[in-house]
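Here is a briefing on one chain. Keep the sequence and the coordinates open as you read.

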Amino acid sequence: MAAKPIYRVVFHQQGEIWELYAREIYQSELWGFIEVEEFVFEDGSKLVVDPSADRLRHTFDGVKRSYLPLNAIVRIDEVEREGPARAVKSEGRIAEFPRGPMPPPRRET
């Protein structure tokens, strides 16, 4: 049986660019969101630990599923293996994906 694919997800988060790895990604039933599940982090028992990777590991500790807004997503890649999670300051060189108008609210009948 083939191993589950691993995805690298790069997105904007409060003035930073976050890069995470996950095994499950799909379109959410919530309009305008992508669901990300089964986060994958490198082994934390290394002698040298990157502080940003450690912060992301603790941020997503115990998180079952995250809903990321489409306009925050920079890129999603299918990769062969996970790499280090990273959080770097955004230098404003990456533009958000343009978003269209919100659909009108549903009327209950």
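E38 counts as partly exposed, because its relative accessibility is 36%, between the 20% and 50% cut-offs. This residue sits in strand β3, which spans residues 33–40. Its phi is near 55°, a positive value in a residue other than glycine. The model is predicted, so backbone details like this one call for a look at confidence, because predicted coordinates should not be read in detail where pLDDT is low.

**Confidence**
- The chain averages a pLDDT of 80.
- A score of at least 70 is reached by 80% of the residues.
- Among the elements, helix α1 has the lowest mean pLDDT, at 76.
- Strand β4, residues 65–69, has the highest, at 91.

**Overall layout**
- The chain holds one helix and six strands.
- Read from the N terminus, the order is β-β-β-α-β-β-β.
- Of the 109 residues, 31% are buried.
- Take the contacts between residues at least 6 apart in sequence: 64% of them join residues at least 24 apart.
- The chain exposes about 8,300 Å², and carbon and sulfur atoms supply 52% of that area.

**A second positive phi**
- Q14 also has a positive phi, near 45°, and is a residue other than glycine.
- Q14 lies in the loop between β1 (6–13) and β2.
- Is Q14 buried or exposed? Q14 counts as exposed, because its relative accessibility is 74%, over the 50% cut-off.

**Helix α1**
- Helix α1 covers residues 51–59, and S52, A53 and L56 are its buried residues.
- These three span an arc of only 100° around the axis, so they fall on the same side of α1.
- The face turned away from that buried side carries the exposed residues P51 and H58.
- What covers the buried residues of α1? The cover includes β2 (16–27) and β6 (86–89).

**Nonpolar core**
- The largest nonpolar core has 14 residues.
- Which members touch the most other members of this core? They are L20 and L56.
- Strands β1, β2 and β3 each supply at least two residues of this core.
- Leaving aside neighbours within four places in sequence, L20 is in contact with Y7, R8, V9, F11, F39, F41, L56, F60 and A85.
- L56 thus links two topics: it is a buried residue of α1, and it is in contact with L20.
- As background, nonpolar side chains tend to be buried together in soluble globular proteins.

**A buried glutamate**
- E19 is in strand β2.
- E19 counts as buried, because its relative accessibility is 11%, under the 20% cut-off.
- A polar contact of 3.2 Å joins the side chains of E19 and Y21.
- Not counting residues up to four places away in sequence, E19 touches R8, V9, V10, L56, P84, A85 and R86.
- L56 appears in that list, and L56 is also one of the buried residues of α1.
- R8, V9, L56 and A85 are among the contacts of E19, and they are among the contacts of L20 too.

Methods
Residues numbered from 1 in each chain as written. Heavy atoms only, no water. Buried < 20%, exposed > 50% of the residue type's maximum accessible area, 1.4 Å probe, protein only. Helix = DSSP H or I, 4+ residues; strand = E, 2+ residues; numbered from the N terminus. Arc of directions from axis to C-beta. Contact = heavy atoms within 4.5 Å. Polar contact = N/O pair within 3.5 Å; in protein donor to acceptor, adjacent residues only side chain to side chain. Areas by Shrake-Rupley, 256 points an atom, 1.4 Å probe, with all protein chains shown as cover. pLDDT = per-residue confidence, 0-100. Core = buried A, V, L, I, M, F, W, Y, C linked by side-chain atoms within 4.5 Å.
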